[in-house]
Amino acid sequence: MTRPTVRVDTTSPVPPYEQIRTQLAALIGGGHLPEGERLPTVRQLAADLGLATGTVARAYKELEAAALIRTRRGAGTRVAAVPRAAHPDAARLTRLAHGYVAAARATGADETAILAAVRAALG
């Protein structure tokens, strides 16, 4: 099994930390990174992507704030349990959607392609 990968387009108008955050959030939300899956260290992912550690650290910090990952000293950074909200947080969904759309448009995708990708991700 191949591990999901994160890619960063340094020519994109979307900041690299946001590209990382959006991709990891999508992988977690789509079940491609299951609860408990260990993520690479900040240093390792930064080295793999050719970015500064602060860029990856910011993405991880925002994912932690969204309760999608958790970091514990000695245990590394792992995917958190996806909370099952009785009522989805509309503001959070809107922020996530804006991030996804911005990243998708940066790839050159049009609205039709973006919506098709969302429908495919929903299953």
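These exercises walk through a predicted model, each with a worked solution.

**Exercise 1. Confidence**

Find the mean pLDDT of the protein, then say which elements have the lowest and the highest mean pLDDT.

*Solution.* Start with the whole protein. Its mean pLDDT is 89. Of its residues, 93% reach 70 or more. Now go element by element. H4 has the lowest mean, at 88. H3 has the highest, at 96.

**Exercise 2. The span of H1**

Check whether the end-to-end distance of helix H1 agrees with its number of residues.

*Solution.* First, locate the helix. H1 covers residues 16–29, which is 14 residues. Next, apply the rise of 1.5 Å a residue, with one less than the number of residues as the multiplier. The expected span is 20 Å. Then take the C-alpha atoms at the two ends. They are 20 Å apart, so the two values agree. Finally, look just past the helix. Glycine 31 has a positive phi there, about 80°.

**Exercise 3. The surroundings of H1**

Decide how covered H1 is, and name the elements its buried residues pack against.

*Solution.* Count the buried residues. Ten of the 14 are buried, so H1 is mostly covered. Among them are Tyr17, Ile20, Leu24, Leu27 and Ile28. Charged names occur in the list too, including Glu18 and Arg21. Now look outward. The buried residues pack against three helices: H2 (42–49), H3 (53–65) and H4 (90–106). They also pack against strands S1 (69–72) and S2 (76–79).

**Exercise 4. Glutamate 18**

Is glutamate 18 buried or exposed, and which residues does it touch?

*Solution.* Place the residue first: glutamate 18 lies in H1. Its relative accessibility is 12%. The cut-off for buried is under 20%. Glutamate 18 therefore counts as buried. Leave out residues up to four places away in sequence. Glutamate 18 then touches Glu62 and Gly99.

**Exercise 5. Two helix crossings**

Describe how H4 crosses H1 and how H4 crosses H5.

*Solution.* Take H1 and H4 first. Their axes come within 10 Å and cross at roughly 110°. That makes H1 roughly perpendicular to H4, because the range for this class is 65 to 115 degrees. The contact uses Glu18, Arg21 and Thr22 of H1. On H4 it uses Leu96, Gly99, Tyr100 and Ala103. This crossing is left-handed.

Now turn to H4 and H5, where H5 spans residues 111–122. These axes also come within 10 Å, and they cross at roughly 125°. The two helices are therefore oblique to each other. H4 passes H5 in a right-handed crossing. H4 contributes Tyr100, Val101, Ala104 and Arg105 to the contact. H5 contributes Ile114, Ala117 and Val118. Tyr100 of H4 thus appears in both contacts.

**Exercise 6. Alanine 67**

Where does alanine 67 sit, and what is the sign of its phi?

*Solution.* Find the place: alanine 67 is in the loop between H3 and S1. Read the angle: phi is near 65°, a positive value in a residue other than glycine. Add the accessibility. At 37% relative accessible area, alanine 67 is partly exposed.

**Exercise 7. Glycine 76**

Which residues does glycine 76 touch, once residues up to four places away in sequence are set aside?

*Solution.* Glycine 76 is in strand S2. Its contacts are Arg38, Arg70 and Thr71. Now compare sequence and space. Leucine 39 is 37 residues from glycine 76 along the chain. Their C-alpha atoms are separated by 7.6 Å.

How values were computed
Residues are numbered from 1 along each chain as its sequence is written. This is a predicted model: local features need pLDDT of at least 70, side-chain atom pairs count only at pLDDT 80 or more; totals for chains, interfaces and linings use all residues. Side-chain values use heavy atoms; hydrogens and water are left out. Helices (H or I, at least four residues) and strands (E, at least two) are DSSP runs, numbered from the N terminus. Buried means under 20% relative accessible area, exposed over 50%, partly exposed in between (1.4 Å probe, protein chains only). Contact means heavy atoms within 4.5 Å. pLDDT is the predictor's confidence in each residue, from 0 to 100. Axes are lines fitted to C-alpha atoms, for helices over the stretch in contact, and angles run from 0 to 180 degrees between N-to-C directions. Angles under 35 degrees count as roughly parallel, over 145 as roughly antiparallel, 65 to 115 as roughly perpendicular and the rest as oblique. A crossing is left-handed if the near helix is turned anticlockwise from the far one by less than a right angle, and right-handed if clockwise.
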